[in-house]
Amino acid sequence: PTPFECPDGPFFCPAGSGSPHPVLQGHYVTPDKSAQVQCDLGHFCLEGKRFPCAPGKFGDRAGLGSPECSGHCPPGYFCPEATGDR
């Protein structure tokens with residue numbers, strides 16, 4: 001097989017695959033683009049990139065794929081950036 005460069009964008013290229021694979025929603029690409037990883041608590045993942053949940057929101061499940069995360073922090077609670085549970 002001919003070596004290829006893994007393209008930019010929401011793709012990862014496992015060793016020996018021969019072609020890029022699309023990243024699943026709620027996952028991000030490792031820095032070397034060899035794998036995808038499920039997004040962790042307090043974060044959401046879009047287009048193969050990982051982002052913290054915004055202040056005032058929380059992410060209490062792995063694999064979130066929306067900037068809404070799991071929702072707004074309940075009244076009377078403080079949720080700083082990347083809060084993992086309410």
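What pattern does the chain follow, read along the sequence? Here are my notes, point by point.

1. The answer first: it runs β-β-β-β-β-β-β-β. That is eight strands and zero helices in the chain. Keep in mind while reading on that this is a predicted model.

2. On overall shape, the chain is more spread out than a compact globule, because its radius of gyration is 15 Å and the globule rule gives 12 Å for 86 residues. The C-alpha trace spans about 60 × 15 × 15 Å along its principal axes, if you want numbers to set up a box around.

3. Burial and surface next. Of the 86 residues, 29% count as buried. The chain's accessible surface comes to about 5400 Å², and carbon and sulfur atoms hold 56% of that. As for contacts with a separation of 6 or more, 26% of them in the chain are between residues 24 or more positions apart.

4. Now the aromatics. How many aromatic pairs does the structure hold? Just one. F44 and F51 make it up: their ring centres are 5.3 Å apart and the planes meet at 25°, so the pair is stacked. The cut-off for stacking is planes under 30 degrees apart. The two partners have their own levels of cover: F44 is buried at 8% relative accessible area, while F51, at 34%, counts as partly exposed.

5. There is also a charge-over-ring arrangement to look at. The charged end of R50 sits over the ring of Y28, and the distance to the ring centre is 5.9 Å. The cut-off for this call is within 6 Å of the ring centre, so if you relax the model, this is a distance to keep in view.

6. D8 is found in the segment before strand 1 (11-12). Is D8 buried or exposed? Exposed, with a relative accessible area of 68%. Its side chain still has a partner, making a polar contact of 3.2 Å with the side chain of K33. D8 and G48 are 40 residues apart in sequence, yet their C-alpha atoms are 10.0 Å apart in space.

7. T30 belongs to the loop between strand 3 (27-29) and strand 4 (36-38). Although it is a loop residue, T30 is buried, with a relative accessible area of 17%; the cut-off for buried is under 20%. The side chains of T30 and D32 are joined by a polar contact of 2.7 Å. Setting aside neighbours within four places in sequence, T30 touches A35 and V37.

8. At the other end, C73 lies in the segment after strand 8 (71-72). C73 counts as buried, with 14% relative accessibility. Which residues is C73 in contact with, leaving aside its neighbours within four places in sequence? G56, K57, F58, F78 and C79. C73 and P22 are 51 residues apart along the chain, and 32 Å separates their C-alpha atoms.

9. To pull it together: we have an all-strand pattern, β-β-β-β-β-β-β-β, in a chain spread out more than a compact globule. For side-chain detail, I would look at the stacked pair F44 and F51, R50 over the ring of Y28, and the polar contacts D8 to K33 and T30 to D32.

Conventions:
Residues numbered from 1 in each chain as written. Predicted model: local features only at pLDDT ≥ 70, side-chain atom pairs only at ≥ 80, totals over all residues. Heavy atoms only, no water. Phe/Tyr/Trp six-rings, centres within 6.5 Å; stacked < 30°, edge-to-face > 60°. Buried < 20%, exposed > 50% of the residue type's maximum accessible area, 1.4 Å probe, protein only. Lys NZ or Arg CZ within 6 Å of the ring centre and 35° of its normal. Helix = DSSP H or I, 4+ residues; strand = E, 2+ residues; numbered from the N terminus. Rg over C-alpha atoms; globule rule 2.2 N^0.38 Å. Contact = heavy atoms within 4.5 Å. Areas by Shrake-Rupley, 256 points an atom, 1.4 Å probe, with all protein chains shown as cover. Polar contact = N/O pair within 3.5 Å; in protein donor to acceptor, adjacent residues only side chain to side chain.
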